[in-house]
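Welcome! Have the sequence and the 3D view open, take a pencil, and try each exercise before you read its solution.

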Amino acid sequence: MARKTIPRGGDSRQPKRRSSGSGAAPPKNRRRRPAPPPPPATLTTWTPGEVEAAFRRFEAANPEPRGELQHQDPFTLLVAVVLAAQATDTPEKMVALGEIRLRELIKTIGLYRTKAKNIIALSRALIAEHGGKVPHDREALQALPGVGRKTANVVLNGAFGEPVIAVDTHVFRVANRTGLAPGKTPFEVEQSLEAVVPEHYKRHAHHWLILHGRYVCKALKPACGRCLINGLCRWPDKNLLSV
C-alpha cells in the first residue's frame, strides 16, 4: 500500500496560527485600569474668620448694595438681565412690540437676534403660563426661553429678596483669584460660595462681589492698592501700588 505523502510545510488542512497584530484577542488576565477618582472639591483657602472679615468690610463700605441694571419690577429686571439693557414694562407690551421691532432696538447688543427671539418667547410664556407675572421659583424661571441659572438667581435675589448668589464673570474671577471660593465652572463657584459665605451676608453677597470685580479686582489691571480685602487675598501677583 502506497504511503500518503504530506506536502512540505505540513498538512494544509491544519488551521493557520493567528498573527499577534491588532486583531489578536487580549490576554484573559488583563484588567481595565480604573478611572481616577475626581479631585476633591475645594470650597475655599480661607478660614471662616477671614471670610467673615471680608464680608464685614464689604458691608461697612456699602451697607445696601444695588445692582446696576435699571428696572422697575421683576419683569423689567428679568429682561434687563437677558439683554443687559432696559426694556418695556410688561410682557404684553413686549409681545405687542414684536420681534422685528425689538431686534431693531437692541441691535447694538451682542447676539441681538437670538435675544430678541427669546424675549418675545418668554413674554408669551409668562402671559400663557403665569398670568403675565414673573414666577417666584427657580425651576419655573429656568424653563423660560433664554433664562439660565445665573439670570434666575439675579431675579430671585433682586426682585424677590432671596439670599441666593448669582455668579457672573466678575464673581467668577474674584472667587478664583482671591481663593475665596475656587471652582472650574460658575456652578462650582456658586456652590462654594453658598457653603462658605455666612448666612447673614448672602442677601447682598453677589452684589458686593460683582461691584468689587467690576471696579477693583478688574480682569487686566486689578487695583490691589485700594482693595478692601488685599490682606486676605491669596493671589500671588498682587500689586499694592496700583490704585
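Below are five exercises on this predicted model, each with a worked solution.

**Exercise 1. Describe the overall build of the protein.**

Solution.
- Step 1: Begin with the elements. The protein has 10 helices and zero strands.
- Step 2: Read them in order. From the N terminus on, the run is α-α-α-α-α-α-α-α-α-α.
- Step 3: Look at burial. The chain has 243 residues, and 36% of them count as buried.
- Step 4: Look at contacts. Taking contacts between residues at least 6 apart in sequence, 58% join residues at least 24 apart.

**Exercise 2. Decide whether Cys217 and Cys233 form a disulfide or not.**

Solution.
- Step 1: Recall the cut-off. Two cysteine sulfur atoms must lie within 2.5 Å to count as a disulfide.
- Step 2: Take Cys217. Its closest cysteine sulfur belongs to Cys233 and is 6.3 Å away, which is too far for a bond.
- Step 3: Turn it around. For Cys233, the closest cysteine sulfur is that of Cys217, again at 6.3 Å. So this pair is not bonded, because the gap is too far.
- Step 4: Widen the view. By this rule the protein has zero disulfides.
- Step 5: Check the surroundings. Buried means under 20% relative accessible area, so Cys217 counts as buried at 8%, and Cys233 counts as buried at 12%.

**Exercise 3. Find the enclosed space in the model and say what lines it.**

Solution.
- Step 1: Think about the method. Rolling a probe the size of a water molecule over the atoms shows where empty space is left.
- Step 2: Count. The structure holds one cavity of 30 Å³ or more.
- Step 3: Size it. The largest cavity contains about 80 Å³ of space.
- Step 4: Name its neighbours. Its lining has 14 residues, and Cys217, Pro222, Cys224, Cys227 and Cys233 lie nearest the centre. Here you meet the two cysteines of Exercise 2 again.
- Step 5: Sort the lining by type. It divides into nine nonpolar, three polar and two charged residues.

**Exercise 4. Work out whether helix α8 is largely enclosed or open.**

Solution.
- Step 1: Locate the helix. α8 covers residues 169–178.
- Step 2: List its buried residues. They are His170, Val171, Arg173, Val174, Ala175, Arg177 and Thr178.
- Step 3: Draw the conclusion. Seven of the 10 residues are buried, so α8 is largely enclosed by the rest of the structure.
- Step 4: Ask what does the covering. Among the elements over these buried residues are α9 (186–196) and α10 (202–215).
- Step 5: Inspect both ends. At the N-terminal end, Asp168 acts as a cap, with a side-chain oxygen 3.0 Å from the backbone nitrogen of His170. Just after the helix, Gly179 takes a positive phi of about 85°.

**Exercise 5. Describe the largest pocket, then look at one residue of α10, His207.**

Solution.
- Step 1: Give the volume, which is about 540 Å³ for the largest pocket.
- Step 2: Name the lining. It has 24 residues, with Gly67, Glu68, Leu69, Val154 and Ile210 nearest the centre.
- Step 3: Trace the elements. Those giving two or more residues are α2 (74–83), α7 (149–158), α8 and α10. The most comes from α10, with seven residues.
- Step 4: Sort by type. The lining of this pocket has nine nonpolar, nine polar and six charged residues.
- Step 5: Turn to His207, which is found in α10. His207 is buried, with a relative accessible area of 12%. Leaving out residues up to four places away in sequence, His207 touches Pro65, Arg66, Gly67 and Asn157.

Terms used:
Residues numbered from 1 in each chain as written. Predicted model: local features only at pLDDT ≥ 70, side-chain atom pairs only at ≥ 80, totals over all residues. Heavy atoms only, no water. Buried < 20%, exposed > 50% of the residue type's maximum accessible area, 1.4 Å probe, protein only. 1 Å grid on protein atoms, 1.4 Å probe; cavity = no way out; pocket = protein on both sides within 12 Å on 5 of 7 lines; lining within 4 Å. Points joined across faces, edges and corners; volume = space filled by probe spheres on them. Nonpolar A, V, L, I, M, F, W, Y, C, P; charged D, E, K, R; others polar. Helix = DSSP H or I, 4+ residues; strand = E, 2+ residues; numbered from the N terminus. Contact = heavy atoms within 4.5 Å. Polar contact = N/O pair within 3.5 Å; in protein donor to acceptor, adjacent residues only side chain to side chain.
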